[in-house]
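Thanks for coming. I will go through one model today, taking charged pairs, then a sheet, then empty space.

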Amino acid sequence: MSKIKIGVIGLGSISEMHIQSYQKSEEAELIAVCDINQERLEQKAEDLGVSYAYTDYQELLANPEVEAISICTWNNSHAEIAIAALNSGKSVLSEKPLCKTVEEAEAVQQAVTDNPDQFLQVGYVRRFGTNTQVLKKFIDSGDLGDIYYSKASCIRVLGNPGGWFADKERSGGGPLIDLGVHVIDLCWYLMGKPKVKSVSGNTYHQLGNRSNIEYKSFYQAADYDADQNDVEDSANALIRFENGASLAVEVSFALHAPKEEINVSLHGNKGGAVIEPALEIFTEKHNIMFNSTPQIDHLSFDFVQGFQKEIDHFIACVKGEATTIAPVGDGVEMMKMLTGVYQSSTEQREIYFNS
């Protein structure tokens with residue numbers, strides 16, 4: 001069977017993970033790229049040797065050779081590009097978050113419904129980690145019982161990338177929508193994706209991007225500008241679900257804390273588990289409590305392997321060989337949680353959702 005012909009829209013840093021994974025796939029062929037930065041576009045097209053290069057994504061979508069696309073642009077353009085792509089007959093892999101608002105998410109979902117021959121996969125790449133897939137086997141087999149509580153923490157003491165990440169108009173927010181989306185989704189997915197009931201959250205703008213800090217390096221966006229920053233430094237929230245379970249989350253770009261760290265754990269009535277920083281499972285047998293560590297290749301999330309699995313899964317879905325494990329409906333539910341935190345912080349009250 002011929003390879004699936006791919007276009008990538010947006011050539012910022014995250015696109016490298018998509019491009020490398022498509023290049024390694026035996027079932028995909030990258031034929032088109034698009035970016036509003038002409039210089040970057042021309043250089044990337046030359047480096048990749050692709051047939052088509054566009055500064056207007058509509059021109060890429062009009063190319064009948066392109067069968068599916070990856071969206072790697074600013075968050076504020078995800079929805080419009082996804083809808084246009086679906087309407088033009090392309091299946092879509094959209095980087096997280098799906099968009100900026102619940103209304104946009106529902107519009108994307110409607111476009112998927114209106115185009116039954118296409119589908120959209122949300123880029124929840126941590127679902128494809130070996131540690132996630134192994135733990136899910138234990139959960140699905142009932143080893144942890146009913147999961148009623150989970151905790152997710154992704155802390156950077158100095159890690160505001162600046163640029164579009166620090167521009168709320170383009171990003172939709174700061175560490176909550178950039179980092180929190182990953183760890184919230186990781187917990188929610190492993191909890192069985194219960195419907196969100198309410199959200200109570202707080203966001204803080206206390207430290208800025210900490211550009212005054214010396215002797216400590218951190219990732220900076222290509223358009224980094226220390227004077228531009230209108231997103232939160234940190235956020236925390238308690239998310240309640242209709243089945244009675246809850247999820248506590250805390251994230252930061254900047255925080256007075258001892259070190260950068262990620263911690264994710266789940267707790268059920270038969271057992272519990274830590275999935276980050278490394279997978280470990282806790283339970284009891286014969287009235288004895290014990291901890292166990294699976295013997296697997298990746299106890300922590302491996303980005304290169306995770307993206308490759310995500311891309312391979314996307315291609316299999318485009319070919320009709322699989323059904324995506326990260327459908328558009330999951331993106332809608334996630335936007336309820338993320339926007340709920342921001343609304344709760346602004347209004348200083350718990351936000352409730354209709355069933």
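A salt bridge here means a side-chain nitrogen of Lys or Arg within 4 Å of a carboxyl oxygen of Asp or Glu. Keep in mind that what you see is a predicted model. By that rule the count comes to 18 salt bridges.

Start with aspartate 167 and arginine 170, whose side chains meet in a salt bridge at 2.7 Å, N to O. Are these two residues buried or exposed? The cut-off for buried is under 20% relative accessible area. Aspartate 167 has 15% relative accessibility, so it counts as buried. Arginine 170 counts as buried because its relative accessibility is 13%. Some salt bridges also share partners: Arg127, Asp185, Lys193 and Asp330 are joined into one network that way.

Next, a pair that links distant parts of the chain. Lysine 100 and glutamate 169 form a salt bridge through their side chains, with an N to O distance of 4.0 Å. Lysine 100 sits in the loop between strand 5 (91–95) and helix 5 (102–114), while glutamate 169 belongs to helix 7, residues 168–171, and the two are 69 residues apart. Glutamate 169 has 52% relative accessibility, and exposed means over 50%, so glutamate 169 counts as exposed.

The third pair is arginine 126 with glutamate 276, a side-chain salt bridge at 3.3 Å, N to O. Why does this pair tie together separate parts of the chain? Arginine 126 is in the loop between strand 6 (120–123) and helix 6 (130–140), and glutamate 276 is in strand 12 (residues 271–276), so parts 150 residues apart in sequence are tied together. Both arginine 126 and glutamate 276 are buried.

Strand 12 brings us to the sheet. Which strands does the sheet contain, and in what order? There are 9 strands in an open sheet with mixed pairing, and the order is 14-13-12-11-7-10-9-8-15. At the edges stand strand 14 (288–292) and strand 15 (351–352); each has a single partner strand, so one side of each has no neighbour in the sheet. Strand 12 and strand 13 (residues 280–285) run antiparallel and are joined by 4 bridges. To place one bridge, glycine 272 has phenylalanine 282 in strand 13 as its partner.

Now the empty space. How many cavities of 30 Å³ or more does the structure hold? The count is 1, and the volume of this largest cavity is about 40 Å³. Its lining consists of Met17, Gln20, Ser21, Lys24, Val304, Phe307 and Gln308. Helix 1 (15–24) and helix 9 (303–318) are the elements that give two or more residues to that lining. Helix 1 provides the largest share, 4 residues. Sorted by class, the cavity lining has 3 nonpolar, 3 polar and 1 charged residues.

Last, a pocket. The second largest pocket has a volume of about 210 Å³. It is lined by 16 residues, of which Lys168, Gly172, Glu232, Tyr342 and Thr346 are the closest to its centre. Which element gives the most to this pocket's lining? That is helix 10 (residues 328–347), with 6 residues. By class, the lining of the second largest pocket has 5 nonpolar, 7 polar and 4 charged residues.

That is the end of the tour.

Notes: Residues numbered from 1 in each chain as written. Predicted model: local features only at pLDDT ≥ 70, side-chain atom pairs only at ≥ 80, totals over all residues. Heavy atoms only, no water. 1 Å grid on protein atoms, 1.4 Å probe; cavity = no way out; pocket = protein on both sides within 12 Å on 5 of 7 lines; lining within 4 Å. Points joined across faces, edges and corners; volume = space filled by probe spheres on them. Nonpolar A, V, L, I, M, F, W, Y, C, P; charged D, E, K, R; others polar. Buried < 20%, exposed > 50% of the residue type's maximum accessible area, 1.4 Å probe, protein only. Pairing = 2+ DSSP bridges.
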